[in-house]
Amino acid sequence: MGPEPIVALEIGTGKIAALVGEVGEDGFIVITGMGIHESKGVRKGEIIDLDTAAACVRGAIQEAEESGKVDIGEVHLAVSGGHIRGAINTGRIRVLGSDKIITEDDVDSVLDVAKTMSIPDDREILHTVPQHYRINDQHSVTNPVGMEGVTLTLNMLILHGVISRIRNTVRAVRSIPLNVADVVFGGLCAGLSVLTPQQKESGVIVIDIGAGTTDYVVYADSVVAAAGSIAVGGDHVVNDIALAFNIPVQRAEALKKEHGSAMTQTESAQESISLPPEVGFPGTTVKISALNTVINARMDELFDMVKKQVGEKVIANVGAGVVLTGGLSALKDVTDLASLVFGLPCAIGKPRNVSGLTSAIDGPECSVACGLIQYAHRNADADSKGLGGWIKNLFGMKR
Amino acid sequence: MEARKIVIVGVGGAGCRIIDALYGDRDDSPALVAVNTDTKALAEGKATTKIQIGSECTRGLGAGGDPEVGRRAALEDLELLRGLFTDASLVIVLAGLGGGTGSGAAPVVIDTARKAGALVMSFVTLPFDFEGRGRIRVADAALTEVRNSAESTFVVPNERLFKFVNRDNLVDAFAGADEVLEKGIKAVWRMLVMPAYIRIDMADLQRIAEARGGTATFAYGEGSGSSRALAAVTDLINSAMLDGGKVFEEADAVLVSITGGKDMALSEIGQIMDALKESLPESADVMVGTIVDEELDDCIGISVFVAEEWVDGKRDQSYVTEAEPAAGSGKATSAAKQIQIEFVPGKGRFKDVEPTIMNGEDLDVPTFVRRGISLARIV
């Protein structure tokens, strides 16, 4: 365990979370400090007002410093946004040695080939995540060193995003000022935080539904099979409700929380909610069945988009079902709808293997930040053992 | 006028909604027929005759936005449709194009009515741009079919209505579109059945509809009080359907129908026509009819039908289509620019942020709108 605690910072559209944590020998995270601040100047996971967003980050960091009794100088940063895409790149090499026994050098070179992918100029690779090695294009192995083969193939999941948008987020953090140790896709963090090893092995889809974006990551056979982000989230649900019933956004938010359901046929569907008038709002009555229809259409579409992006082939390898996390996973009956759309069992995922300040681990809102601590810890470990090749650091900001 | 059998048929969700709006207005109403694939929507409607089509291929659940399903549904129940048009001399078909039933079944209904020997007028709406490119494409294809089979086609491009409806309230936007269509149909029906000073008949309407190649638009204005004639003209000219008077400026054939109570004076008709001619090009061919509606009191209504040039995929261009500029005149493009700057409809808090576009659909626009779900129908 490192002497210094890890600080995870997630700049979300709805809230900003800063968690201070230490990882014990047993792999458990102990949260020693936390700051949660409302987020402003962020839409759909991307910063649209740098100064306002930076002020909110400062608030969260200060709170985390006070509660954790630490001075924070460096953070690990989780990013999201509809611009983040995942693609599979395949690397294939001929095994060099005359005896055709695969060596560490062969593995390194196939890693290098698989990592190289041409992406548009305005994009930068965030992560390269190796999947399985295949020898002679046949059986999959996790460690091919010492085996015999003519060719060695590796599929690499490459996550990339628009440079300027990622830099905007980094810029906001640096203006605090804080050093950014690492930039990590939030969807990967959510997966690390909420999944059990068994789920990863049998195959699982993790969907992190935030206020501004929906990130997903799919594990199949213990590797990350697909990942991506869609710039649709809880804000869209609220906006749909506000437009459908011509009511203020705050009222729409409250309606969603208190009465809304992702399913249309609910016990209270026949009831109506009356919204009393206030200044600038004449008051109205909303039928719960209509409210649920608005929510159901949006969520159905969202899950359907995730399903299409992940693709049937990958979903066929998902045995453990769907895990929902993030703020909007608190929406009533949302697991029922996801289960219906994917044709798989669905549950809510909360951060695992975490102790300490309990409010951070009570709900699914801090899955990303908790996962980020785990990621940073694992990555530091890997670095020290010289196996850090699967993380590409952005902007050369390594310590 | 000879007793002619007029049948008004609403096809699909939007068409049936307008049938409901027409219903119960007065006892001399013509036959109102609702044709739909959606059992539930049909059951709740007010039409005097209800025809469910495609109960086998849709199981009463609607066409799911697929015009091919709508078409098959209509073909499945062709016999039921045929029965509607026995002895009918005029059939008015109403449909919202863009969805499955309206776009797919309306051309079949029109064709069936024509084969039964009736004259067919169609009144159709085209989707708002924010409803997404998918629905727009479906509507454009359906309009071509409708135009080819009906004698005359009157079109309400919903996007035009954005100039006067509350853009942040979708319920208002759709209700506004329905209302325009409802007024147009009522005007036609009055023209054809009510006592008139100056008679206009079906042949005149048809002439307008065909003058510029097959489609026409219409608008309505009304006024009351001491200067009701001029008030009605102002109301008419300001109406969204005339596109800020642009439709008048380019008109070459116009049919004006003035409706008043028994107290309507000839001088008022003169006033109206003088005022209208000021906004119309001198060369325009103008026809006038006047109708006395005894139920009207202290109120004058003006309906105009204006021929419009047929362009493929006839619609006002605006922000959705701007990404792939359609072949249009410079004039149309500048109008589109204006619309884009002024209005980004139906997006609420996402108005100023980069839109989330996927497969040509703007995901910031509520899903229920893009899927064409009518909240008013939900019980």
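**A five-stranded sheet and two nonpolar cores**

In this predicted model, 5 strands of chain A form an open sheet of mixed pairing, in the order β14-β13-β12-β17-β18. Strands (E, at least two residues) and helices (H or I, at least four) are DSSP runs numbered from the N terminus, and two strands pair if DSSP finds at least two bridges between them. β14 (223–230) and β18 (346–348) of chain A stand at the edges with a single partner strand each, so one side of each has no neighbour in the sheet. The twist averages 20° from one strand to the next.

Within this sheet, β12 (204–209) and β17 (321–325) of chain A pair in the parallel sense over 5 bridges, and I207(A) stands opposite L324(A) in β17(A).

Turning to the cores, the largest nonpolar one has 124 residues, with L19(A) and V218(A) making the most contacts inside it. Helix α8 (288–310) of chain A gives the most to this core, with 11 residues. Another core, of 97 residues, lies apart from it and includes L236(B) and I237(B). Such a core is a set of buried Ala, Val, Leu, Ile, Met, Phe, Trp, Tyr and Cys residues joined through C-beta atoms within 7 Å; buried means that 20 or more other C-beta atoms, placed from the backbone, lie within 10 Å of the residue's own.

In helix α11 (228–237) of chain B, the buried residues are R228(B), A229(B), A232(B), V233(B), L236(B) and I237(B).

Residues are numbered from 1 along each chain as its sequence is written, and chains are lettered from A and ligands numbered from 1 in the order in which they are written. Local features need pLDDT of at least 70 and side-chain atom pairs count only at pLDDT 80 or more, while totals for chains, interfaces and linings use all residues.

Technical notes:
A residue is buried if 20 or more other C-beta atoms lie within 10 Å of its own, exposed if 12 or fewer, and partly exposed in between; C-beta atoms are placed from the backbone. Axes are lines fitted to C-alpha atoms, for helices over the stretch in contact, and angles run from 0 to 180 degrees between N-to-C directions.
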